[in-house]
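This report goes through one protein chain, from single residues to the chain as a whole. The sequence and the structure come first, and the description follows.

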Amino acid sequence: MQSNYTSIYLRREFNVGNRGNVTNLLLFAQVDDGFIAWINGVQMVRANVPPADLSSAAVASAQYNEPNNNGAAYVVYQMPGSAAALVDGRIVLAVHAFNQNLTNTSDFSFNAQLYAYIQDPSTVAPRLLTPVPPQG
């Protein structure tokens, strides 16, 4: 990656059987240096990147803090509105991860886990979902 490119694109697909049972999503991520994450094309999280559309040649805003030079720490990122971005069926988590610069860096990493909170319909009253247009 060094001296060749500053960012990578990642995608992971998964299925949701009943989006009405998902209350929210959290992203537990270790990143060196920045990223943007989307659920089904809806931006959910930005970390250490400027607030604009970014090209594949863009860089993170700054180098990520690495306590005691032991690598970046894991951080829990809230994903407000994530349940509304879900549909029944195929879901796509997409990430654009960035290094801090093209040539003067010794490392790059991105590692993440997506957690879904599922309610038990037998213990929680039904709730009204935001309508989602059908995907073609």
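Does Asp-107 count as buried or as partly exposed? Asp-107 counts as partly exposed, because its relative accessibility is 27% and buried means under 20%. The structure is a predicted model, and the values in this report are computed from it.

**Overall make-up**

The protein chain has one helix and seven strands. In sequence order, the elements follow the pattern β-β-β-β-β-α-β-β. The chain holds 136 residues, and 37% of these are buried. Its accessible surface is about 8000 Å², with 51% of that belonging to carbon and sulfur atoms. Among contacts with a separation of 6 or more, 81% are between residues 24 or more positions apart.

**Pairs distant in sequence**

The table lists four pairs of residues with their separation along the chain and the distance between their C-alpha atoms.

| Pair | Separation in sequence | C-alpha to C-alpha distance |
|---|---|---|
| Ile-91 and Gly-41 | 50 residues | 9.7 Å |
| Asp-107 and Asp-32 | 75 residues | 7.6 Å |
| Asn-101 and Ala-58 | 43 residues | 8.5 Å |
| Gln-30 and Ala-73 | 43 residues | 5.7 Å |

One member of each pair is described further below.

**The loop between β6 and β7**

Asp-107 sits in the loop between β6 and β7. Apart from neighbours within four places in sequence, Asp-107 is in contact with Asp-32, Glu-66 and Asn-99. Asp-32 is thus both a contact of Asp-107 and its partner in the table, at 7.6 Å between C-alpha atoms.

Asn-101 is also placed in the loop between β6 and β7. Asn-101 counts as buried, because its relative accessibility is 18% and the limit for buried is under 20%. Not counting residues up to four places away in sequence, Asn-101 touches Thr-6 and Val-59.

**Two strand residues**

Ile-91 belongs to strand β6. Its relative accessible area is 0%, so Ile-91 is buried. With neighbours within four places in sequence left aside, the contacts of Ile-91 are Arg-12, Glu-13, Phe-14, Val-16, Ile-39, Asn-40 and Leu-86.

Gln-30 is located in strand β2, which covers residues 22-32. Beyond its neighbours within four places in sequence, Gln-30 is in contact with Ala-72, Ala-73 and Tyr-74, and also with Ser-109, Phe-110 and Asn-111. Ala-73, one of these contacts, has its C-alpha atom 5.7 Å from that of Gln-30.

**Ser-82 and the helix**

Helix α1 spans residues 82-85 and includes Ser-82. Is Ser-82 buried or exposed? Ser-82 is buried, because its relative accessible area is 1%. A polar atom of the Ser-82 side chain lies 3.0 Å from the backbone nitrogen of Leu-25. Leu-25 also appears among the residues that Ser-82 touches, together with Asn-24 and Met-44, when residues up to four places away in sequence are not counted.

**Two residues with positive phi**

Most residues other than glycine have a negative phi. Asn-40 has a positive phi, near 50°, and is not a glycine. Asn-40 is found in the loop between β3 (34-39) and β4 (42-47), and Asn-40 is one of the residues in contact with Ile-91.

Asn-48 is not a glycine either, and its phi is positive at about 60°. Asn-48 lies in the loop between β4 and β5 (74-78). Asn-48 counts as partly exposed because its relative accessibility is 28%.

**The largest pocket**

How much space lies in the largest pocket? The largest pocket holds about 170 Å³. The lining consists of Leu-10, Arg-11, Arg-12, Leu-27, Leu-93, Val-95, Phe-110, Asn-111, Ala-112, Gln-113 and Leu-114. By class, seven of the lining residues are nonpolar, two are polar and two are charged.

At least two lining residues come from each of β1 (7-16), β6 (89-98) and β7 (109-118). Which strand gives the largest share of the lining? The largest share comes from β7, with five residues. Some lining residues also have a place in the contacts described above: Arg-12 is in contact with Ile-91, while Phe-110 and Asn-111 are in contact with Gln-30.

Note on methods
Residues numbered from 1 in each chain as written. Predicted model: local features only at pLDDT ≥ 70, side-chain atom pairs only at ≥ 80, totals over all residues. Heavy atoms only, no water. Helix = DSSP H or I, 4+ residues; strand = E, 2+ residues; numbered from the N terminus. Buried < 20%, exposed > 50% of the residue type's maximum accessible area, 1.4 Å probe, protein only. Polar contact = N/O pair within 3.5 Å; in protein donor to acceptor, adjacent residues only side chain to side chain. Contact = heavy atoms within 4.5 Å. 1 Å grid on protein atoms, 1.4 Å probe; cavity = no way out; pocket = protein on both sides within 12 Å on 5 of 7 lines; lining within 4 Å. Points joined across faces, edges and corners; volume = space filled by probe spheres on them. Nonpolar A, V, L, I, M, F, W, Y, C, P; charged D, E, K, R; others polar. Areas by Shrake-Rupley, 256 points an atom, 1.4 Å probe, with all protein chains shown as cover.
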